[in-house]
Amino acid sequence: MGKLKAPFFRDAATHYTERLSHWRRLVLTDVRDADAALPATQRNALEGRRILEALTSEDIPFVLDEHGRHFTSPQLAALLREADTDRRGRACFIVGGAWGLDEAVLRKARLCISLSHMTLPHELARVVLLEQLYRAECILHNVPYHH
């Protein structure tokens with residue numbers, strides 16, 4: 001949800017995006033935040049609709065949610081390998097905004113994944129996700145980044 005506003009988050013995201021691009025074609029889609037003046041439930045619903053509208057028929061949605069399943073880095077690598085062999089689409093990771101994700105988005109997900117038992121701001125969650133995807137690619141390509 002939303003663009004990365006803080007320069008250090010943008011720099012970190014760019015760093016891992018560039019590293020990932022050696023192995024995987026990435027498409028980063030920023031979905032516009034809803035008006036902050038809206039009540040949280042309306043804001044969440046509007047952002048959820050925007051996320052669902054941004055999905056394509058090729059997308060295999062994996063949603064990041066604090067209540068999702070926890071993975072080790074090797075397990076995430078295996079999940080990516082499995083998604084790559086799925087002829088019906090491509091892995092699509094969805095990071096929600098400040099109010100989380102609407103139920104409609106959670107229902108659409110193939111799987112809910114948690115990066116931490118703690119709640120992370122969406123900008124940090126994006127950076128952590130990109131780093132973990134890079135780590136997973138290193139595991140899949142036998143690069144000694146993950147040890």
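In the predicted model, Val63 finds its bridge partner in strand β3 at Cys112. The next position along, Leu64, has partners on two strands, being bridged to Ile113 in β3 and to Val95 in β2. These bridges belong to two strand pairings that share β1: strand β1, which spans residues 59-70, pairs in the parallel sense with strand β3, residues 111-114, over five bridges, and β1 also pairs in the parallel sense with strand β2, residues 90-95, over six bridges.

Taken together, the three strands form an open sheet in the order β2-β1-β3, with parallel pairing. Strands β2 and β3 stand at the edges, and because each has a single partner strand, one side of each is left without a neighbour in the sheet. From one strand to the next, the twist averages 45 degrees. Helix α3 packs on this sheet, where α3 touches β1, β2 and β3, and the direction of the helix makes about 160 degrees with that of β1. The connection between β1 and β2 also involves this helix, since β1, helix α3 (residues 73-85) and β2 make a right-handed β-α-β unit. Helix α5, in turn, lies across β1 and β2 and runs at about 150 degrees to β2.

The packing of helices and strands is reflected in the nonpolar cores. The largest nonpolar core comprises 24 residues, of which Phe62 and Leu133 touch the most other members. The elements that give two or more residues to this core are α1, β1, α3 and α5, the last of these covering residues 122-140, and the largest share, eight residues, comes from α5. When residues up to four places away in sequence are not counted, Leu133 touches Leu20, Leu76, Leu80 and Phe93. A second core, separate from the one just described, has 10 residues and includes Val31, Cys92, Ile94 and Leu106.

The cysteines were considered next. The structure holds zero disulfides, and Cys112, which is in no disulfide, has as its nearest cysteine sulfur that of Cys92, 13 Å away; because a disulfide requires a pair of cysteine sulfur atoms within 2.5 Å, the sulfur of Cys92, at 13 Å, does not qualify as a partner for Cys112. In terms of accessibility, Cys112 is partly exposed, with a relative accessible area of 22%, whereas Cys138 is buried, with a relative accessible area of 0%.

A further set of contacts links the loop between α1 (7-20) and α2 (40-54), in which Ala34 lies, with helix α2, in which Arg50 is placed. Ala34 is buried, with a relative accessible area of 5%, and Arg50, at 18% relative accessibility, also counts as buried, because the category extends to values under 20%. Setting aside residues up to four places away in sequence, Ala34 touches Arg43, Leu46, Glu47 and Arg50. From the side of the helix, and with neighbours within four places in sequence likewise left aside, Arg50 is in contact with Val31, Arg32, Asp33 and Ala34. Val31, one of these contacts of Arg50, is also included in the second core. The C-alpha distances place these segments in relation to each other: Arg50 and Asp33, 17 residues apart in sequence, are 8.9 Å apart in space, while Ala34 and Arg49, separated by 15 residues in sequence, are 10 Å apart in space.

Methods. Residues are numbered from 1 along each chain as its sequence is written. This is a predicted model: local features need pLDDT of at least 70, side-chain atom pairs count only at pLDDT 80 or more; totals for chains, interfaces and linings use all residues. Side-chain values use heavy atoms; hydrogens and water are left out. Buried means under 20% relative accessible area, exposed over 50%, partly exposed in between (1.4 Å probe, protein chains only). Two strands pair if DSSP finds at least two bridges between them. Helices (H or I, at least four residues) and strands (E, at least two) are DSSP runs, numbered from the N terminus. A crossover is right-handed if, with the strands pointing away from the viewer, the path from the first strand over the helix to the second runs clockwise. Contact means heavy atoms within 4.5 Å. A nonpolar core is a set of buried Ala, Val, Leu, Ile, Met, Phe, Trp, Tyr and Cys residues joined through side-chain atoms within 4.5 Å. Axes are lines fitted to C-alpha atoms, for helices over the stretch in contact, and angles run from 0 to 180 degrees between N-to-C directions.
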